[in-house]
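User: I would like to understand the words used for this model, and what justifies each of them. Could we go through them one at a time?

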Amino acid sequence: MYIGYDVKGGIRYAKLCVSERVGGKVRTTQKSLGRVLDEKRHIYQSRERGVFTYDLATGEYGKPDPSDIPSVRRWNHRESLILDFGDAYLIDKVIDGFGLYKATDAMDYGNNDSVRAMLMFYILSQSANCYAQDWYEGSYARILFPKANLESQRISDILSAIGDEWSYREFFKEYLPLVVNAGKDGEDVLIDSTGLPNSIHFPLTAVSNHNGEISNEVRLIYVVQKKTNLPLFFRYVPGNVVDVSTLTKTIRELKSYNIDTKFATLDAGYLTDANMRELYDGKVSFVSRLKENRKIYKTVAECESHDLEEKGNLVEYNSRYVYVKRVKVEVLNPNAEDRILGPDERPSEDAHAAYVYLCRDMLMKSLESGKLFASAKSRKLSPEDVHDSMESQGIFMLISSRPIRKEDILSIYYMRQQIEQVFDLCKNNTKMLPLRVQSEETFRGHLLLSFAASVIVKHIQEKVRKTAMTPQGILIALRNQKCKVFDNNILTMEATRKANEAYKLFNISVPHEIPKKADCK
């Protein structure tokens with residue numbers, strides 16, 4: 001038995017040959033192994049098996065090390081001599097300066113160049129993963145990561161490999177210390193969830209009824225650090241899992257990574273008695289919007305709104321004026337309903353003190369009043385009916401486990417908008433949607449790469465916040481800066497004014513000439 005070779009269309013193919021003597025004649029049977037990728041390492045590729053190894057001595061098929069799998073070039077492929085330069089160069093410097101390469105390398109895929117190149121592709125391109133190799137061949141990423149293999153089959157292998165639990169844990173062990181400094185407000189977080197609509201047939205896809213919207217989806221929970229606005233952690237659950245059940249598990253999982261949450265700003269959907277009790281017991285302070293269906297909401301509205309619109313209660317937030325009144329209340333008493341407490345009154349032994357902020361947004365009141373007045377006649381409302389309807393206009397309530405100055409409560413709560421911006425960023429800028437994966441393993445790897453990409457894009461967004469630049473505008477301007485590839489070096493072309501402004505903002509200098517690595521393609 002031996003391995004024979006044929007060359008067809010300039011491509012080398014291997015075949016397994018077995019010779020045996022039958023009736024005095026030697027008969028040879030052949031079985032195709034597929035395309036030869038690496039003859040010395042016995043690596044082959046076929047439609048049936050994908051990329052594999054074959055041991056002639058044992059007759060066993062195996063899986064090659066990712067770093068040993070070479071890229072397969074098309075027979076008519078021509079090497080690009082001019083590459084997109086600036087965007088990949090800046091992103092590489094930002095990722096390296098942030099320290100994120102250390103976290104992605106910790107996943108130990110076996111070919112760090114491939115994972116690094118995929119992370120950059122998630123940041124710089126909105127194209128489907130099947131186009132990653134084409135992007136790579138025309139980008140300076142090809143010089144940065146010369147061993148990367150971004151063929152479609154290899155991408156599935158990458159996502160599947162980094163999507164296992166071990167890789168997740170190793171990534172977050174390295175990532176979390178980059179953004180969390182214990183005792184320095186690093187453990188104040190925002191927590192919310194979003195749906196990822198999909199029709200993929202695996203256990204995570206389920207029918208969800210979220211805020212009245214029915215869809216097939218996976219539910220994604222993100223934790224964002226308040227101090228930096230950076231994504232801190234994520235989890236996912238089947239789409240039919242109720243939001244309220246995920247909060248305490250998310251906080252407990254963070255604690256397993258030595259992140260002891262101190263203060264959480266929550267979506268109103270998480271505010272249940274069970275979750276509040278867990279937060280109090282875990283000494284996690286919280287702020288959330290108070291839903292109208294809670295008894296204490298109605299009690300505070302009835303008893304405390306008469307003097308809400310007093311001069312001392314008016315506060316300004318983001319060019320809006322809101323009357324805010326703080327009311328001390330008792331919650332979670334197992335033997336009685338939630339109730340209002342006096343300023344110096346303590347809660348019952350088994351209950352907890354909380355603080356309800358009765359608010360009236362004057363802009364919203366004006367808008368709602370205008371709609372009411374315009375429709376009052378057609379609805380045949382009497383002046384008394386109009387007066388009663390105006391009582392609740394512009395009213396909303398917040399609840400906190402600890403006293404906060406009424407001048408500060410709105411800015412603290414509305415930081416929740418940051419997590420909505422992160423969701424928007426992930427879905428529109430880091431390839432989270434649409435989902436183009438076929439298994440739970442590749443789905444997990446896709447989410448992890450999207451998370452890592454969102455960290456860098458959000459980091460850039462925060463950097464340019466006080467300038468006229470945007471992350472998208474920066475990357476477009478930088479992509480237009482090219483470089484020329486020669487045998488031993490790379491020459492960078494002139495950068496535009498916008499590109500130079502971006503380099504200056506990130507304190508990055510661009511050399512005129514870059515030595516070419518020996519193994520660059």
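**Reading the terms**

User: K484 stands opposite L491 in strand 20. What makes strand 19 and strand 20 count as a pair?

Analyst: Before the answer, please note that this is a predicted model, in which local features need pLDDT of at least 70 and side-chain atom pairs count only at pLDDT 80 or more, while totals for chains, interfaces and linings use all residues. Residues are numbered from 1 along each chain as its sequence is written, and side-chain values use heavy atoms, with hydrogens and water left out. As for the pair, strand 19 (residues 482-485) and strand 20 (residues 489-492) are joined in the antiparallel sense over three bridges, and two strands pair if DSSP finds at least two bridges between them, so the requirement is met. The elements themselves are DSSP runs, helices being H or I with at least four residues and strands being E with at least two, numbered from the N terminus.

User: Which sheet do strand 19 and strand 20 belong to, and what makes a strand an edge strand there?

Analyst: They belong to an open sheet of four antiparallel strands in the order 7-19-20-21. Its edge strands are strand 7 (82-84) and strand 21 (513-515), each of which pairs on one side only. From one strand to the next, the twist averages 30 degrees, where axes are lines fitted to C-alpha atoms (for helices over the stretch in contact) and angles between N-to-C directions run from 0 to 180 degrees.

User: Why are strand 1 and strand 6 said to stand at the edges of their sheet?

Analyst: Their sheet is also described as open, with six strands in the order 1-2-3-4-5-6 and antiparallel pairing. Strand 1 (2-8) and strand 6 (60-62) each have a single partner strand, so one side of each lacks a neighbour in the sheet. Here the twist averages 45 degrees from one strand to the next. Inside this order, strand 4 (residues 43-46) and strand 5 (residues 50-55) are antiparallel partners over four bridges, and I43 has T53 of strand 5 as its bridge partner.

User: What makes strand 8 largely enclosed, and which strand does it run parallel to?

Analyst: Strand 8 (residues 188-197) has ten residues, nine of which are buried, so the rest of the structure largely encloses it. Buried means under 20% relative accessible area, exposed means over 50%, and partly exposed lies in between (1.4 Å probe, protein chains only). Four bridges join strand 8 to strand 12 (residues 263-266), and the two run parallel; in this pairing L190 stands opposite T265.

User: How do you know whether N333, R154 and E137 are buried or exposed?

Analyst: N333 has a relative accessible area of 14%, R154 has 3% and E137 has 8%; each value is set against the limit of under 20%, and therefore each residue is called buried. N333 lies in the loop between strand 15 (320-331) and strand 16 (339-340), whereas R154 is found in helix 6 (residues 152-162) and E137 in helix 4 (residues 132-137).

User: What makes the link between N333 and E330 a polar contact?

Analyst: Their side chains are joined at 3.1 Å, and those of N333 and S348 at 3.3 Å. Both values fit the definition, because a polar contact is a pair of N or O atoms within 3.5 Å; within protein, one atom must be able to donate a hydrogen and the other to accept it, and residues adjacent in sequence count only if both atoms are side-chain atoms. Leaving aside residues up to four places away in sequence, N333 touches S348 and A351, and R154 touches V51, I69, Y109 and N149, contact meaning heavy atoms within 4.5 Å.

User: Why are helix 8 and helix 9 called roughly parallel, and what are helix 1 and helix 15 called?

Analyst: The axes of helix 8 (residues 247-256) and helix 9 (residues 273-281) come within 9 Å and cross at roughly 25 degrees, while those of helix 1 (residues 86-98) and helix 15 (residues 440-463) come within 11 Å and cross at roughly 100 degrees. Angles under 35 degrees count as roughly parallel, over 145 as roughly antiparallel, 65 to 115 as roughly perpendicular and the rest as oblique. Helix 8 and helix 9 are therefore roughly parallel, and helix 1 and helix 15 are therefore roughly perpendicular. In the latter contact, I91, V94, I95 and F98 of helix 1 meet V455, I456, H459 and I460 of helix 15.
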